[in-house]
Amino acid sequence: TDAAEPELVCVGPGGRYAVERYDLHRDVFSRNTGILETDLMAAKRVAVLGCGSVGSLVVLELARAGVGNFLLVDADIFEYHNICRHQCGVEDVGRYKVDAVRDRILAINPCAHVETARTTAEQVAKDVFDRWIVPGETLLVGCADGRAADAYGNSIAVLYQVPYLSIGFW
C-alpha cells in the first residue's frame, strides 16, 4: 500500500474486510468526461418542484450527470401505488418523497448538497428561493402534477431570471 494512504480495514462478525477507496470524480463520473464537464456540473444547482415519478427520474439522472446541489420540493408521501412509476421502492413507503429521493441522490453522490422542502412550491418561503436560486448556476425544473404548478414555477423562474424546464406527462 501507499505510505500516504494507510490500509483501511473493517472488522465485523464475519471477520476482516478490505475497504476499497474510490475517487468520486475519477471513478464514479469518469464516463461523463468529454460529454459533461464534471467539475462544472458539481457546482450547478437544480431546484425541482415535484418529486413524483417524473421528478424522481429527472433528479437521479441529474445526480448521475454530476450535478452537485439540489433543492427538492414536494409535499407528498410515497405510497404503494407510486412504486410502479417512481424511482424509489417499497422500502420508502410512508416517507416523504423528497426524503426518499434525497437518499437516492446521496447513494449516487455522497458529496451532493441536498435540501428538502416538504411542502408545495407555493408554500416555500421566499428566503429559501433567495438562497437557492442563483442566476447562471440554477436550473428550475417543474415536475408537479398540473398546469397551475407549472405556471407558478415559471413565475419563480422569471422573478429570479433563471431557466425553467417543465416536464410532465398528462
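Here is a short briefing on the fold of this chain and on its helix H6. The model is predicted, and its chain holds six helices and seven strands. Read from the start of the sequence, these elements follow the order β-β-α-α-β-α-β-α-β-α-β-α-β.

**The chain as a whole**
- Of the 170 residues in the chain, 40% are buried.
- If we take contacts between residues at least 6 apart in sequence, 59% of them join residues at least 24 apart.
- About 9900 Å² of the chain is exposed, and carbon and sulfur atoms supply 54% of that area.

**Helix H6 and its two sides**
- H6 runs over residues 147–160, which makes 14 residues. From first C-alpha to last it reaches 20 Å, close to the 20 Å expected at 1.5 Å a residue.
- The buried residues here are Ala149, Asp150, Gly153, Ile156, Ala157 and Tyr160. Seen down the axis of H6, the buried residues fall within an arc of 120°, so they line one face of the helix.
- As background, an α-helix has 3.6 residues a turn, so residues three or four places apart point the same way.
- On the face of H6 turned away from the buried side, you will find the exposed residues Arg147, Ala148, Val158 and Leu159.

**What surrounds H6**
- The cover over the buried residues of H6 includes helix H5 (126–132) along with strands S3 (45–49), S6 (138–142) and S7 (164–166).
- Just after H6 comes Gln161, with a positive phi of about 55°.

**Aromatic rings**
- The structure has zero aromatic pairs.
- The ring of Trp132 does have a charged partner: the charged end of Arg45 sits over this ring, 4.5 Å from its centre.

Technical notes. Residues numbered from 1 in each chain as written. Predicted model: local features only at pLDDT ≥ 70, side-chain atom pairs only at ≥ 80, totals over all residues. Heavy atoms only, no water. Helix = DSSP H or I, 4+ residues; strand = E, 2+ residues; numbered from the N terminus. Expected span 1.5 Å × (residues − 1). Buried < 20%, exposed > 50% of the residue type's maximum accessible area, 1.4 Å probe, protein only. Arc of directions from axis to C-beta. Contact = heavy atoms within 4.5 Å. Phe/Tyr/Trp six-rings, centres within 6.5 Å; stacked < 30°, edge-to-face > 60°. Lys NZ or Arg CZ within 6 Å of the ring centre and 35° of its normal. Areas by Shrake-Rupley, 256 points an atom, 1.4 Å probe, with all protein chains shown as cover.
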